[in-house]
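I opened the model to look up its fold. My notes follow in the order I checked things.

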Amino acid sequence: MFIQTEDTPNPETLKFIPGEAVLKMGTRDFADKDTSNISPLAARLFQIVGVMRVFLSNDFISVTKETSSDWNELKPAILAGIMEHYSSGNPVLNPEEEKETLTINSEDTETIKQIKDLLETRVRPAVAMDGGDISFCSFEEGVVTLQMKGACAGCPSSTATLKMGIENMLRHYIPEVREVRAAEF
């Protein structure tokens, strides 16, 4: 197995591309070791000292390190952990956790459907290239709230991406949108 790595705009996060499927659908963001019990792969990576966050997508894994850790020391251990996982035959997610998540809800207003469609077609692909993801949380009184995941969570440039990129685009296409905010978790 040959695993490629890519830098992300977040200097604390690297993108690992194993060359085979990671998740069948959707994404999963593990903000800490305690949340990783549903993913044998994430749990394995959290055993590596210095790993702070693990994000799984359809074709890549983003790993965020502790600021005090060094990529030169962590990267070989993470590569080995990913290879060991795929060699083990264990699933990436426990089977009961692999359920489809719908992005469009039949009860959504037309404006929310438009927001979700723009996020799905224009924003998420670009954010995925940087090792992250973004998901819709709410739209209330002209304010769109989004959750940043993976490399985007805690990235120094994520605020600029939200305000200058996503907010401007949504306001251009959907006049009801006044502002875009990051969810507070």
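In which sense do β2 and β5 pair, and over how many bridges? I looked it up: the pairing is antiparallel, over four bridges. Two strands pair here if DSSP finds at least two bridges between them. Helices (H or I, at least four residues) and strands (E, at least two) are DSSP runs, numbered from the N terminus.

Ground rules. The model is predicted, so I note that local features need pLDDT of at least 70 and side-chain atom pairs count only at pLDDT 80 or more, while totals for chains, interfaces and linings use all residues. Residues are numbered from 1 along each chain as its sequence is written, and side-chain values use heavy atoms, with hydrogens and water left out.

**Whole chain**

I listed four helices and eight strands in the protein chain. From the N terminus the order reads β-β-β-α-β-β-α-α-β-β-α-β. The radius of gyration is 17 Å, close to the 16 Å of the globule rule for 185 residues, so the chain is as compact as a globular protein of that length. That radius is taken over C-alpha atoms, and the rule is 2.2 Å times the number of residues to the power 0.38. Along the principal axes, the C-alpha atoms fill a box of roughly 50 × 35 × 30 Å.

I then checked burial: 45% of the 185 residues count as buried. Buried means under 20% relative accessible area, exposed over 50%, partly exposed in between (1.4 Å probe, protein chains only). For contacts (heavy atoms within 4.5 Å), I took those with a separation of 6 or more; residues 24 or more positions apart account for 59% of them.

**Five-stranded sheet**

I traced an open sheet in the order β1-β2-β5-β4-β3, with antiparallel pairing. Its edge strands are β1 (4–7) and β3 (28–30), each pairing on one side only. Neighbouring strands are turned by 20° against each other on average, direction ignored. Axes are lines fitted to C-alpha atoms, for helices over the stretch in contact, and angles run from 0 to 180 degrees between N-to-C directions.

Helix α2 (residues 71–88) packs on this sheet, touching β1, β2, β4 (51–56) and β5 (61–65). Its direction makes about 30° with that of β2.

I zoomed in on β2. β1 and β2 (residues 13–17) form antiparallel pairs over four bridges, and the two make a hairpin with five residues between them. Asp-7 stands opposite Leu-14 of β2. Phe-16 stands opposite Ile-61 in β5.

Is β2 mostly covered or mostly open? Five of its five residues are buried. In a regular strand the side chains alternate between the two faces of the sheet. I checked both faces of β2: Thr-13, Lys-15 and Ile-17 are buried on one side, Leu-14 and Phe-16 on the other.

**Three-stranded sheet**

The second open sheet runs β6-β7-β8, with mixed pairing. β6 (132–140) and β8 (179–182) stand at the edges with a single partner strand each, so one side of each lacks a neighbour in the sheet. Here the average turn between neighbouring strands is 30°, direction ignored.

β6 and β7 (residues 143–150) pair in the antiparallel sense over eight bridges. I picked out one bridge: Phe-136 has Leu-146 in β7 as its partner. Helix α3 (residues 110–129) packs on the sheet, touching β6 and β7, at about 160° to the direction of β6. Helix α4 (residues 158–173) lies across β6, β7 and β8, running at about 150° to β8.
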